[in-house]
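Biologist: Could you give me a close look at a single part of this model and walk me through its pairings, its packing and its charged groups? I would like the answer as one connected story.

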Amino acid sequence: MTWRVLAIALLAVVLSTSLLAQNPKIEISLPTDNDALFRGGGPDFYQYIERDFQGEKSTPWEGGRYGFVRNPVPTAQGLIYTRFHEGIDIRCLHRDARGEPLDDVRVIADGKVVHTNQVPGYSNYGRYIVIEHDWDGSPYYSLYGHLSEIAVSVGQRVNRGERIACMGHTGEGLNQARAHVHLELNLIFNRNFESWHDRNFRDPNYNGIYNGINLAGLDIARFFLEHEKRPDLSVPQFLAEEETFYKVIVPDSPHFDLRKFYPWMVKNVSANAKSWEVSFARSGVPLQIEARSEPVSQPTLSYVKKSAIDCAYLTRGELAGRGDHAHLTENGMRLMQLLTWPE
Ligand SMILES: [Zn+2]
């Protein structure tokens with residue numbers, strides 16, 4: 001190798017690493033062979049659900065999408081879908097002679113295995129895997145549920161596209177016909193989740209801090225579609241497009257992990273903040289954090305988007321009441337306490 005070639009090679013390395021540091025591009029791909037999401041989604045991509053609406057049975061694929069897609073309730077404003085689905089249900093493509101699913105499940109991005117639940121009865125997700133992704137210094141967690149077999153173990157590094165499991169139908173309310181992988185992309189609330197859980201619930205928590213309650217799933221289908229159009233898209237940019245539905249002020253605390261994990265959420269950095277106002281989407285995903293100079297002694301609802309429909313139907317149970325009567329429910333209050341737990 002001549003000096004000139006060596007110099008050019010070195011320059012290339014320096015350039016590519018500095019580019020990476022400035023613009024850490026996320027590389028993601030779907031977890032199975034099913035890529036119908038990029039051809040309009042619909043029944044080819046989403047696993048249908050079994051619905052019984054006022055005695056009328058149906059199998060709508062729409063129930064496999066992300067968002068408020070389940071449990072319709074008639075209101076004066078029309079039919080409202082009240083039950084939230086935190087991820088997407090991707091249909092099975094390959095089955096053996098007995099009808100068992102064979103689809104390989106692959107990791108959607110480079111990362112590290114942080115949790116595997118091998119006992120179906122320990123979670124509604126059945127057998128599931130959580131993988132941590134470090135994107136621009138913030139932790140994100142992809143979750144793969146209802147697996148039949150898990151092929152990785154905790155601590156293992158995995159590369160995008162690597163096989164991690166086989167599709168199955170483990171977990172709550174599933175059968176062989178409805179085999180699918182449930183996929184989420186999450187933010188995490190608090191490292192002290194376990195003590196919060198033990199204080200508030202009687203049933204044991206088998207899944208540590210990777211219990212679904214401690215994870216907030218963003219709109220992963222929309223993220224895949226937007227990312228396809230704009231490969232430079234970051235999660236902060238993506239979440240900036242989400243609408244704020246309510247805001248809650250929480251006391252200042254050294255355990256307010258959200259602020260440390262996702263510093264880009266903090267709008268005004270302040271050394272003497274007495275409390276923090278957190279903006280949430282309808283989904284319960286936190287969007288923005290604002291320092292405040294006045295203290296609060298407990299989580300306090302400070303804003304709710306105006307709507308004629310009861311907030312109990314529009315949120316995941318964090319709020320109830322209409323208009324000026326909207327308030328944090330007992331569940332909502334508990335969840336907000338998790339943000340700064342144990343204080
Ligand atoms: Zn699902």
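Modeller: Happy to. A cut-off comes first: a residue counts as buried when its relative accessible area is under 20%, as exposed when that area is over 50%, and as partly exposed in between. Thr-82 shows how this works: its relative accessibility is 18%, so Thr-82 is classed as buried. Please keep in mind throughout that this is a predicted model.

Let me stay with Thr-82 for a moment, before we move to the part I would like to explore. Thr-82 sits in strand E4, which covers residues 78–85. A polar atom of the Thr-82 side chain is 2.8 Å from the backbone oxygen of Asn-71. Apart from residues up to four places away in sequence, Thr-82 touches Phe-68, Arg-70, Asn-71, Val-73 and Tyr-313.

Now to the part itself, a sheet and what packs on it. Four strands form an open sheet in the order E16-E15-E14-E17, and their pairing is antiparallel. At its edges are E16 (286–292) and E17 (300–304), each of which pairs on one side only. On average, neighbouring strands in this sheet are turned by 25° against each other, with direction ignored.

Going through the pairs, E14 (residues 246–251) is joined to E17 by four bridges in the antiparallel sense. Within that pair, Lys-247 faces Tyr-303 of E17. E15 and E16 also run antiparallel, and six bridges hold them together. Here the residue opposite Trp-276 is Ala-291 in E16. The hairpin of E15 and E16 has five residues between its strands, and Gly-284 adopts a positive phi near 90° there.

What lies across this sheet? Helix H7 (residues 330–340) lies across E14 and E15 (275–280), and its direction makes an angle of about 50° with E14. Several H7 residues are buried: Gly-332, Leu-335, Met-336, Leu-338, Leu-339 and Thr-340. These buried residues pack against E14 and E15, and also against helix H2 (193–200), helix H5 (257–261) and strand E19 (327–328).

Glu-318 ties several of these pieces together. Its place is the loop between helix H6 (311–314) and strand E18 (319–320). Its contacts beyond four places in sequence include Tyr-246 and Gly-284, along with Gly-332 and Leu-335; His-327, Leu-328 and Thr-329 complete the set. You have met two of these already as buried residues of H7, namely Gly-332 and Leu-335. Gly-284 is the hairpin residue with the positive phi.

Which side chain of opposite charge is nearest to Glu-318? That is Arg-316, at 5.0 Å, and Glu-318 is buried yet has no salt bridge. With a cut-off of 4 Å for a salt bridge, the pair does not qualify, because 5.0 Å is beyond it. The backbone of Arg-316 does come in, though: its nitrogen lies 2.8 Å from a polar atom of the Glu-318 side chain.

That makes a good bridge to the charged pairs elsewhere. Over the whole structure, the search gives 19 salt bridges. One of them belongs beside our sheet: Glu-243 and Lys-305 are paired, with 3.3 Å between the closest N and O atoms. This pair links distant parts of the chain, 62 residues apart, with Glu-243 in the loop between helix H4 (235–240) and E14, and Lys-305 in the loop between E17 and H6. Glu-243 is partly exposed, because its relative accessibility is 47%. Lys-305 is also partly exposed, at 33%.

Another pair is Glu-149 and Arg-163, whose closest N and O atoms are 3.4 Å apart. This one too joins distant parts of the chain, as Glu-149 belongs to strand E9 (residues 138–150) and Arg-163 to strand E11 (residues 163–167), 14 residues apart. Both count as partly exposed, Glu-149 with a relative accessible area of 35% and Arg-163 with 34%.

A salt bridge also brings together the side chains of Arg-39 and Asp-35, at 2.7 Å from N to O. Arg-39 is exposed, because its relative accessibility is 61%, whereas Asp-35 is partly exposed at 35%. Finally, salt bridges connect Arg-222, Glu-226, Lys-229, Arg-230, Glu-241 and Glu-242 into a network.

Definitions and conventions: Residues are numbered from 1 along each chain as its sequence is written. This is a predicted model: local features need pLDDT of at least 70, side-chain atom pairs count only at pLDDT 80 or more; totals for chains, interfaces and linings use all residues. Side-chain values use heavy atoms; hydrogens and water are left out. Two strands pair if DSSP finds at least two bridges between them. Helices (H or I, at least four residues) and strands (E, at least two) are DSSP runs, numbered from the N terminus. Axes are lines fitted to C-alpha atoms, for helices over the stretch in contact, and angles run from 0 to 180 degrees between N-to-C directions. Contact means heavy atoms within 4.5 Å. Buried means under 20% relative accessible area, exposed over 50%, partly exposed in between (1.4 Å probe, protein chains only). Lys and Arg count as positive and Asp and Glu as negative; His and the chain ends are not counted. A polar contact is a pair of N or O atoms within 3.5 Å; within protein, one must be able to donate a hydrogen and the other to accept it, and residues adjacent in sequence count only if both atoms are side-chain atoms.
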